[in-house]
Amino acid sequence: MESVLAFLLLHRGQPQPRQRVAFALWPDSTEAQALTNLRHVLHTLRRSVPEIDRHIEATTRTLRWRPDLPYRLDVADFEAALAGEAWQDAVECYAGDLLTGLHDDWVEEERARLRHGYLDAVERLVATAEARGDLAGAVRHAERLLAEEPLREETYRMLMRLHDARGDRTRAVRVYHQCAAALDQDLGVEPAAETRAVYDALLARDETPDVTGRASGPPFVGRAAERSALTAAWRRAVAGRAHVVLLAGEPGIGKSRLAEEFRAWCAHRGAVTAAARAYPGEGVLAYGPVVAWLRSERLTAGLRTLARSYLTELARLLPELLVEVPGLARPERLPESEQRQRLYDAVARALSAPGAPLLLVADDVQWWDRESLQLLHYLLRTHPAAPWLVVATARGEDIDTTPSLADLRNALRAAETLTEIELDRLGRTETTVLAEQVAGGRVADADAAALFEQTEGNPLFVVEALRARQAGGGVLTPRVQAVIQARLSRLSPEARDLVAIAATVGREFTAEVVALAGRLSEEVVVRGLDELWRRRIIREHDTSAYDFSHDTIREAAYGALSPMRRRYLHGQVARALATAGELDAISGRLAVHYEAAGAVEQAVAAHARAADVAQRLYAHTEAARRLTRALELLPGLPASPERSARELELSTALLAPLVASEGYASARIHEAHERALTLARSLGVAPSPPLLRSLGLGSLARGDFAAARQHGVALRERGERDSDDVLRVEGEYLLGVTAFWAGELSTAREHLACAVALYRDENRREHLLRYAQDPVVICLTRLALTHWLLGDGDAAIRARDEGLARAEQIGHPYSLATGLLFASLLALDMADLPALRRWVDRAKAVTSPGTGVQVEGALAALDGYLEVVDGRPSEGIARIRQVVAAAPPVDQAAPGLRSAMLRILLAACDVAEEADIGLAACDELIALSSSAVWRPEARRLRAKFRARHTTNA
């Protein structure tokens, strides 16, 4: 149906004979069969879209799209702009190749025609901008042209001339390096003489040492079985089965090179590809690798087709969209679960936007941040039929020691969406082939045997040993670091200085940063970068940066620096980054460099800024890590009231991400609480409201009811003093839950009802942002259980229904899940099995990883109870006991968590008539100091279990 509609729209000028339409759509069928197919499609179209006859004029001989009804066709707008020589309008109309999901011959012809028109329009824009002296605009359009045709040497030459005309000779040389690499990788050829002439003219102004040999990646040898497995995974993905391939192996074994070769193979077959990597200890911000994917050329182009609402969400990761898209609304801070859901959905839309199979390369995934891995898992779990393949590389020994990566691997294994490939070293024959390709000729048998014995078939060792020997060092050793350092020692002094700076950067680097960090002239940078590129020390990275050709080379170069030299260079790199970059985006990297430079004050500020950026994205683990490190560095500053105030500020900021990532069971929470209180007293200031609330709930989790009440009263009084309804509500909530778990049910009812009465709808957003939950939902569903325990069943049902209705209405996942959990506990107490099943099922549907251990653990225990009532008592009780065993007996992750789990276990033992286990659970629940609410029920069941035990005896 899509093909028929597209054909008629694209040939809208006049009626189309049915035979022509049929033949275009089914060229391999007979005329009779093709016409039959067309009639069938038209019949199906009318059934699916009854009003279609208003738009299509059908006779026995022809079909025509009616021109008299209003419609908008982007192709028509594009063609009109071309005809009117409105080149900018034409480029903006072109949202990507025509109908990328269709591959009919007639579509291919139309697609090629329109694409040619688009490229011609971009070329006209380049020429127009250059003619009026707008060199920056000309460069921008030329880069767009290059993104569409990455093997077109004419465009490379154009860009080189434009950059040179702007006075940016470093960037012009970088374009040549990019050209040479692209031609070598895709076609196996060198740039044409005309392109080389432009390049030589750029270098002719310097006395550049004559370094022979063209720069390219090392030869690719072997790996037939691995390539076959990758190809099979790609075919599954293209067929609509999203998949991940994990390439694992030791450093230098060729993981990245295999992924790079496979990426080129997929790109040649029309796939959209993007690559991202991470670096050890570099301080990448949350979602950093995902941002690198989204900034790839093909995915960036696809963003133009997205609705503005999705672009607004993506602006959290790509702030440049706020500049590039006129009038785009800024993303507002949303409650965590809502913001994460919107962001994840927007990323999924962006990945789907190009409308073609997608290959994502995740290089060195062992160093990726937790948030990026969680997002990757979400994408694969929620879009199992997407034509996406992720090829990840990792050092084998680091997979199991990286918890977030190990969790992802286990989840993908369980979903059967993971293929794992362990790369072995090359065999003797493959080592010889590689050596001969690097050497450019035959290698004697004795030399080949010695090379294999000394390198043990590690491709990086082989290549580096031979290149060192080619450079005149005569080095052949299995210690690759010594080989690399020998090769680096033969560089010119200027190139060695650049290597030192680049290694200190610790990741990809731009010419601007190394120039600023080294205080180097353009001539020195151009000459040095070109030498490093020719020597294959560095390679091009994306469109504006370089990177070392292998991490091991970076490590060797950095390892050769003295401690004082490292300290100095880290300070220079930090200052260069701060000058050249956007501070929020690079705050994590700045913190690492300032710290390594010994600049404590700047490092603390950068860590704090990075934590704030992470917390805006609810990257709690990263935020907690940054704040913890800032606090560890603070003693390096002189003791003063200002330092203490800064420590109090950081300690208070640490509480929210720590609770979110670790719960109140975290020992670090207690330390942060105690330290913050001590600092507040020493400074003579009152604890802040967030600190008071956190102190209250932390005390409650430990069963310290007196302290919890004290903090609740202080929070409420702060609200009354400042006329702050948010604080008054949160204070009453804290006092209510404290009384509830203390078993003071009448008092709990008063405080919880008061919190509901004080609540104002206009404050909902502030409650959600500051305290991560809707207090009315929480208080009403807690109040329902309170009413029931006080003997008022009707009031319990009313409060429950009101709380759940509000939870569904506001759509805040955490509040809804927590409300459903307490509705389930109420159903358990009321012995209302249908309601219990209903609430548990609904809670599981809205609960996702990260919702909170208090919800996830209790729901798992309730699932065990349902197993018991469904006739599987042994399995159900074992499941509940496993959940209970995982919950701390003291310092609970959340107030009342263990009490609720023990209550569920008692109910299960009652149904299963399991007296021994029930008696032990009763004794623990009665003795539990952190909760008294179910103590009466535990005593009642203990008597029942004892009677049953006596009867059985």
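**Group meeting: a walk through a helical model**

At 7% relative accessibility, R782 counts as buried, where buried means under 20% relative accessible area, exposed means over 50%, and partly exposed is in between, using a 1.4 Å probe and protein chains only. I'll come back to R782 in a moment, but some housekeeping.

What you're looking at is a predicted model, so to speak of local features we need pLDDT of at least 70, side-chain atom pairs count only at pLDDT 80 or more, and totals for chains, interfaces and linings use all residues. Residues are numbered from 1 along each chain as its sequence is written, and side-chain values use heavy atoms, with hydrogens and water left out.

Okay, the overall picture. The protein has 48 helices and ten strands; these are DSSP runs numbered from the N terminus, H or I with at least four residues for helices, E with at least two for strands. The radius of gyration is 33 Å, close to the 30 Å that the globule rule gives for 953 residues, so the protein is as compact as a globular protein of that length. For the record, that radius is taken over C-alpha atoms, and the rule is 2.2 Å times the number of residues to the power 0.38. If you like boxes, the C-alpha atoms fill one of roughly 95 × 85 × 60 Å along the principal axes. Of the 953 residues, 53% count as buried. And take contacts, meaning heavy atoms within 4.5 Å: among those between residues at least 6 apart in sequence, 67% join residues at least 24 apart.

Back to R782, then. You'll find R782 in helix α40, residues 775-789. Which residues is R782 in contact with, leaving aside its neighbours within four places in sequence? Those are V737, F740, W741, L752 and F822. As for A835, which is 53 residues away along the chain, its C-alpha atom is separated from that of R782 by 17 Å.

L859 is another buried one, at 4% relative accessibility, and sits in helix α44, residues 853-869. Setting aside neighbours within four places in sequence, L859 touches A843, K844 and T847. Its C-alpha atom is 52 Å from that of R567, with the two positions 292 residues apart along the chain.

For a strand example, go to A275 in β5. Buried, exposed or partly exposed? A275 is partly exposed, at 27% relative accessibility. Beyond the four-place window in sequence, A275 is in contact with R263, A292, W293 and V361. W388 is 113 residues from A275 along the chain, and their C-alpha atoms are separated by 13 Å.

Now, helix packing. Take α30, residues 583-597, and α32, residues 620-633: they pack at an angle of about 25°, with axes 12 Å apart. Axes here are lines fitted to C-alpha atoms, for helices over the stretch in contact, and angles run from 0 to 180 degrees between N-to-C directions. That makes α30 roughly parallel to α32; the bins are under 35 degrees for roughly parallel, over 145 for roughly antiparallel, 65 to 115 for roughly perpendicular, and oblique for the rest. The crossing of α30 and α32 is left-handed, meaning the near helix is turned anticlockwise from the far one by less than a right angle; clockwise would be right-handed. On the α30 side the contact uses G588, A591, V592 and E595, and on the α32 side R626, R629 and L633. By class, that contact has three nonpolar, one polar and three charged residues. The classes: Ala, Val, Leu, Ile, Met, Phe, Trp, Tyr, Cys and Pro are nonpolar, Asp, Glu, Lys and Arg are charged, and the others, Gly among them, are polar.

Then there's α31, residues 600-616, with α33, residues 641-662: their axes come within 12 Å and cross at roughly 25°. α31 and α33 are therefore roughly parallel to each other, and α31 passes α33 in a left-handed crossing. V604, A605, A608 and Q615 of α31 meet R646, L650, A656 and P657 of α33. By class, the α31 contact with α33 has six nonpolar, one polar and one charged residues.

Last topic: backbone oddities. Most residues other than glycine have a negative phi. Y287 is not a glycine, yet has a positive phi of about 65°. Y287 lies in the loop between β5 (272-277) and α13 (288-294), and is buried at 1% relative accessible area. E913, also not a glycine, has a positive phi of about 55°. E913 is in the loop between α46 (897-912) and α47 (915-927), and is exposed, with a relative accessible area of 53%.
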